[in-house]
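Trainee: Could you take one part of this model and go through it closely with me, in connected prose rather than as a list?

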Amino acid sequence: MLFLLLSILTLQPINHNEMTHILNPFSIDIDPMSKLLLVNFEKDPDSVYIGFEPQVFDDTIHGKGHLVIGWRIDGKVDVYHEPSLKLNPKGYDIVGKGLANMVESNMQKAFFEVKNEGVQAHYIFNDINGREVQIKIFERNPKKRKPFGLLAPMGDAAENPSALPLVLLYDFYFVRKKHTDIEVTIDNVRHEIDMLPLPLDMTKMYFTRYSPKPLIARVNPSFNGVVNSIEVATGATTLSTADYEFGIVWENEKAFIQRISRKNDVHPVNITFDNPFPNILTLENDTAISGRFTIEAHVSTGQIIGEYKLEKANKNIQLTMIPTKGWKPRPSKLSLRFLYAVASIFKKWPSTYLWTANIRYEKEDNYTMASDWKRLK
């Protein structure tokens with residue numbers, strides 16, 4: 001009888017009416033975007049530009065309208081945008097070597113659609129030197145497109161990033177050469193469009209590429225302030241807020257974060273910890289912990305894999321994250337395997353990003369955090 005009583009007591013569930021606080025130092029910002037197009041002419045450059053990047057927005061953050069990023073020879077960017085858009089210049093420190101000029105523009109033409117036949121786009125605007133820029137693409141290919149998912153290597157050029165920039169491109173494809181009228185002119189000078197160096201799907205392609213469903217995520221933006229804790233019922237394995245869902249595991253009645261999922265209108269962006277991340281509030285002094293993390297959204301855009309390290313001494317915590325394994329694509333065709341093998345830029349650039357966070361106990365259970373990113377040589 002005593003054995004039975006002890007067994008029943010041992011199997012009693014955790015009291016879910018009690019609440020536990022967990023300190024979460026991680027965040028993922030989502031930058032909404034409707035469509036994205038990149039046109040390169042690096043082999044036939046202008047005196048200022050080597051490419052243009054039209055973007056389309058329709059959301060509560062940016063408003064509704066078009067912008068065109070001008071990629072400059074010096075590595076910086078100029079941003080030309082319609083007056084209807086609300087843009088933060090600080091958001092462009094992860095683009096190339098940073099923002100050179102942001103210019104409000106009443107574009108004479110601003111049109112971009114993706115149809116079954118391919119890209120239909122037409123832009124006309126004046127640049128900072130008063131020159132007329134015209135971008136025209138009309139793709140009328142009767143063959144079915146065969147798009148795939150990709151992590152764009154946009155973060156490779158950033159010198160002083162404020163976040164780990166993830167440009168996840170769904171339904172991504174290149175503009176096909178056959179049945180396409182394409183033209184870029186600057187001050188009435190026409191520039192030859194770069195070609196993809198190898199055929200894709202047995203078709204010659206321009207290096208002009210696009211996504212009608214981009215997802216822009218900024219992982220752990222630089223931060224300096226108070227870190228808020230999250231409250232979860234003791235023993236609960238999930239917690240959902242307006243922007244996030246957390247996967248929680250328990251060990252010796254202590255909570256660990258196994259997954260952080262950032263909600264958005266395209267696809268959740270997940271950070272998963274193979275060695276679950278501990279609750280900083282319950283860590284003892286002189287503790288050192290390390291583990292592996294994976295960042296992943298839709299399966300077609302692959303994974304970013306890395307390592308984290310955490311050390312606590314005298315109530316101060318230092319946390320680092322490095323995507324040491326870079327990007328691990330899931331190529332759906334042989335030609336993509338070859339492309340990723342010969343073009344190392346696609347896979348290696350995340351491994352050069354280091355995030356450091358210094359977390360400090362202040363008083364009354366308040367913690368502050370100062371965090372930033374830097375590029376490793």
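Mentor: A residue is called buried here when its relative accessible area is under 20%, and exposed when that value is over 50%. The model is a predicted one, and the part to look at is strand E13, which spans residues 180-186. By that cut-off E13 is mostly covered, since five of its seven residues count as buried.

The pairing of this strand can be followed on both sides. With strand E10, residues 132-139, E13 pairs in the antiparallel sense, and seven bridges are found between the two; within this pairing, Phe138 has Asp181 of E13 as its bridge partner. Strand E14, made up of residues 189-191, also runs antiparallel to E13, and here three bridges join the two strands, with His191 in E14 serving as the bridge partner of Val184. E13 and E14 form a hairpin that leaves two residues between the strands, and in this hairpin Asp187 takes a positive phi near 55°.

For reading the side chains along such an element, it helps to recall that in a regular strand they alternate between the two faces of the sheet.

A helix offers another view of burial. In H2, residues 334-342, the buried residues are Ser335, Leu336, Leu339 and Tyr340. Because they cover an arc of only 130° around the axis, they lie on the same side of H2. These buried residues pack against strand E11 (148-152), strand E25 (316-328) and helix H3 (345-348), whereas the face turned away from the buried side carries the exposed residues Leu334, Arg337, Ala341 and Val342.

Notes. Residues are numbered from 1 along each chain as its sequence is written. This is a predicted model: local features need pLDDT of at least 70, side-chain atom pairs count only at pLDDT 80 or more; totals for chains, interfaces and linings use all residues. Side-chain values use heavy atoms; hydrogens and water are left out. Buried means under 20% relative accessible area, exposed over 50%, partly exposed in between (1.4 Å probe, protein chains only). Helices (H or I, at least four residues) and strands (E, at least two) are DSSP runs, numbered from the N terminus. The arc is that of the directions from the helix axis to the C-beta atoms. Contact means heavy atoms within 4.5 Å. Two strands pair if DSSP finds at least two bridges between them.
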